[in-house]
Amino acid sequence: LVGRFAKRASTQTIMSICLFCRPAERSGEDVDIILARMKGVKAFEKFHPNLLQQICMCGFYEYLEKGITLYRQGDIGTSWYAVLSGSLDVKVSETANHQDAVTICTLGVGTAFGESILDNTPRHATIVSRENSELLRIEQREFKTLWEKYRQCMAGLLAPPYGVMDSGASNDRMPDKENLNSDPLSFMSKHLNKVPSEKILRAEKVLRNAILARAPHMIRDRKYHLKTYRQCCVGTELVDWLLQQSSCVHSRAHAVGMWQVLLEEGVLNHVDHELNFQDKYLFYRFLDDEEEDAVLPSDDDKREAEEELQETLLFLSQIGPDAHMRMILRKPPGQRTTEDLEIIYDELLHIKALSHLSNTVKRELAGVLIFESHAKAGTVLFNQGEEGTSWYIIQKGSVNVVIYGKGVVCTLHEGDDFGKLALVNDAPRAASIVLREDNCHFLRVDKEDFNRILRDVEANTVRLKEHDQDVLVLQKSLRPSSHGNIPAHFKYTVMSGSPEKILEHLLETIILTLNSLDDFVLMHCVFMPISQLCPALLRVYTYHSQASQGSEQERLDYSVASKRRVFSLALRWATLQGHHLLEDDTALSFLEELHGFVSNDARVLRPLKELLPELERILKQYSGEERLAKKQPIRSFDDILLKVYCSDHTYTTIRVPVLATGREVTAAVADKLGSTEELLMINLSSSGEKQILKPNDVSVFQSLGVNGRMFACSREQLDSLNPLAEQEGPSTGSMSSFELMSSKDLAFQMTQYDWELFSCVHEYELVYHTFGRQAYRRSTANLELFLKRFNQVQLWVVTEVCLCGTLSKRVQLLKKFIKIAAHCREFKNLNSFFAIIMGMCNPAVSRLSQTWERLIANTIRAVRHCRSQLFNAEVSPASKNPQEVRNYVRQLNVIDNQRTLSQLSFRLEPRRG
């Protein structure tokens, strides 16, 4: 050692030289130098200064060149080690032959190992230096002394970085469900991170100082059951305060998750050390208030907190949902509420490993999943050959799969699962699982629950693999026969797979009926866009429709049947696409190319010839001049004229595509106005509410309400924006105009207009509206117009009633609306029927008790009369002025500000004393 040190003295740090000195010979200055270096080592960063000083006084310096074996598996240990520089491989052998050892992980700077010296057990692995490395070594006697004195502080350091290769001794192994239920508090306390990061520490200071600046009464001494709790807050008040500070806090549950982040990190604590933050009258204390002589923030501290508050809240709002999820998963399954189970279920919908399971199975899993976390890379979750007790899903982090004699065979990442095979086959573990990185989180299903919920599911799951990846997952189930003489048979349901394989399976198994095709045709856009579907259909038609065996007639029949299936699917798809065929050049090109293939094949395969006329009709309808002559709904490639107002209520009109984004509209407005400053696009409602449009929002005009207007202004002008006078709606009612119109005429024209709007809505718009048009860059303009019409009719009823100042006329007006609604129901126009009913249920109308008291008896008779009448919807009722009625119902003027409507209502009938 002396020779080696002499050789390398010029390259060693001063700390290494101090450590090389024998403990008895170290001066106070040597210890200070070592202590300064130790504070920067990850393994020691949470140690108490007194413990660090003891380590500096008794530790030895150890240097290993590359390839040196520090000790072997099975040796009796004499020292404990921490890595100061370099790295070491951990090797494990299933046999006594060290040549069979395989590397299961690597120890880096800051990791510690060798704690088997505490109980004199043999070493569990062989340690070999991967490169030139420096270690801190503490001999067994000194280490035991430190352990006895500082057990609580050092406990986190003693989880084996490479795991324990003999079964059942891993300190990070989570308890089974019974133990979890019996003592959840002691169990969870071992697995919470007690070393907060700098960002979390700063967040705690910012929130505490902001509360003391804005609401200092929240942090004060409180009494409960004759006991005083010093300087603490109440859980419900903390949640209320967060909701008031920022729009990025969406709900009380979201706020609970944000506070849970601080509680998990130990910078916010329950006074009785509860581990879950609760939105209840419970006391919590900030870390800075734990000391009795806690320092109050200065004015500068408060000013800094104010400046950093929004950024801090945004940071916590992003990680809060994960903390809330962990909090729920840490609860014993029997204590989870209905809301908890719904949150877990929503999370399971996005986990890759569960994509092939039905929603029913996922809901059952939500009730039994257990959260499990491990802090240190190298921890062994279970060993090859052990009995399988649980199935795991990786929620965060990654693990190595290790097989004796082969080493690391693969790595699993977030969303992957493992441990299932041993449970399904009731066999020993086929490999060891070793954590690849620190702070890994898992969702665990124990064997009993797995057997109850999933064993049959997995046994009946058929997987088609390509290149070791699942490309099609089918669920097998027994379909009973409806006829006694025909035996039951199995059916296969697609649970997941690649789009191409799902399409191939569909074409091989479908019965050519409209219902069987519609599910795929309507929903394919969610997972297989047109640009992917069309080439795949052509590929199946041309290459996959040829039989490789059988007689010539059998091959011919197979080819005809396969091509017919592809053609029928393509034909149904084109029919449902309608005007959407015009929005994608790929679609029409595909149909023209398919027409060419089928025309050629029809010369030989006569049964295909009968399918051509329908395809030719579709091609003729949506190509050339004929498609331009027909009136079409709003399409994604159309342009619209958009009126954009400035802060002084002047306006400019721009022409933009239907799918224009917020960024494109802003650029067009800036160009039209000749403005060089940064503009914001604002959706301003009649009540003065402002919504800033995001740059990536698609079809921004669709966000406007009934009386909403689009404004463009600088950020400085935002607060001064006011609604236009026209946005307030009419000041007088139009009863004098439409009281002379027949109720049946009004209902008929309303129905006709609603039907026109409804007919323009394509089925795909419902899909895009459900899954979000932003993701597909498709317009839902026709659907939005139809929905907006409902709101307009509803507000029309409220507006007319609230602008009618005479009680007797109001009664007549409500009677007329009821008759119109009854006629709408006769015309099967439930859209306007329910809009009128909801308008009359609006608080501004329903509170008019004097009006309603005069109405009840006559209303019942009128409704009964309308219901008894037969109606022929195809015959328009005779009308003196049909065009006037038609124009009126299509241009309804309304007030869409609920506050204004309520004020008008109270003006009509003041609140009774």
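**Helix packing and selected residues in the predicted model**

Helix 18 and helix 20 lie oblique to each other, a class left for angles outside the ranges of roughly parallel (under 35 degrees), roughly antiparallel (over 145) and roughly perpendicular (65 to 115). Helix 18 spans residues 499-509 and helix 20 residues 530-543, and the two pack at an angle of about 50° with their axes 11 Å apart. Axes are lines fitted to C-alpha atoms, for helices over the stretch in contact, and angles run from 0 to 180 degrees between N-to-C directions. The crossing of helix 18 and helix 20 is right-handed (the near helix is turned clockwise from the far one by less than a right angle). Helix 18 contributes Pro499, Glu500, Leu503, Glu504 and Leu507 to the contact, and helix 20 contributes Gln532, Leu533, Ala536, Leu537, Arg539 and Val540; contact means heavy atoms within 4.5 Å. Of the residues in the contact of helix 18 with helix 20, seven are nonpolar, one is polar and three are charged. Here Ala, Val, Leu, Ile, Met, Phe, Trp, Tyr, Cys and Pro count as nonpolar, Asp, Glu, Lys and Arg as charged, and the others, Gly among them, as polar.

The model is predicted, so that local features need pLDDT of at least 70 and side-chain atom pairs count only at pLDDT 80 or more, whereas totals for chains, interfaces and linings use all residues. Residues are numbered from 1 along each chain as its sequence is written, and side-chain values use heavy atoms, with hydrogens and water left out.

The chain contains 37 helices and 28 strands, which are DSSP runs (H or I, at least four residues, for helices; E, at least two, for strands) numbered from the N terminus. Of the 913 residues in the chain, 49% are buried (under 20% relative accessible area; exposed is over 50%, and partly exposed lies in between, with a 1.4 Å probe and protein chains only). Among contacts in the chain with a separation of 6 or more, 71% join residues 24 or more positions apart. The chain exposes about 46200 Å², of which carbon and sulfur atoms supply 51%.

A second helix pair is formed by helix 10 (residues 235-245) and helix 11 (residues 252-265), whose axes come within 9 Å and cross at roughly 110°. Helix 10 is thus roughly perpendicular to helix 11. From helix 10, Thr236, Leu238, Val239, Asp240, Trp241, Leu242 and Leu243 meet Arg252, Ala255, Val256, Met258 and Trp259 of helix 11. The contact of helix 10 with helix 11 comprises nine nonpolar, one polar and two charged residues.

Within helix 30 (residues 781-802) lies valine 793, which counts as buried at 0% relative accessibility. With residues up to four places away in sequence not counted, valine 793 touches Met750, Ser832, Ala835, Ile836 and Leu892. Methionine 750 is 43 residues from valine 793 in sequence, and their C-alpha atoms are 9.4 Å apart.

Residues in loops were also examined. Aspartate 426, in the loop between helix 15 (420-424) and strand 19 (432-435), has a positive phi near 50° in a residue other than glycine. Serine 699, likewise not a glycine, has a positive phi of about 50° and is placed in the loop between strand 27 (690-692) and strand 28 (709-713). Aspartate 426 is exposed, with a relative accessible area of 51%, whereas serine 699 is buried, with a value of 0%. Aspartate 638, in the loop between helix 24 (626-629) and strand 24 (639-645), counts as buried at 17% relative accessibility. Beyond four places away in sequence, aspartate 638 touches Pro633, Val656, Pro657 and Val658.

Definitions and conventions. Accessible areas come from the Shrake-Rupley method with a 1.4 Å probe; for residues, only the protein chains shown count as cover.
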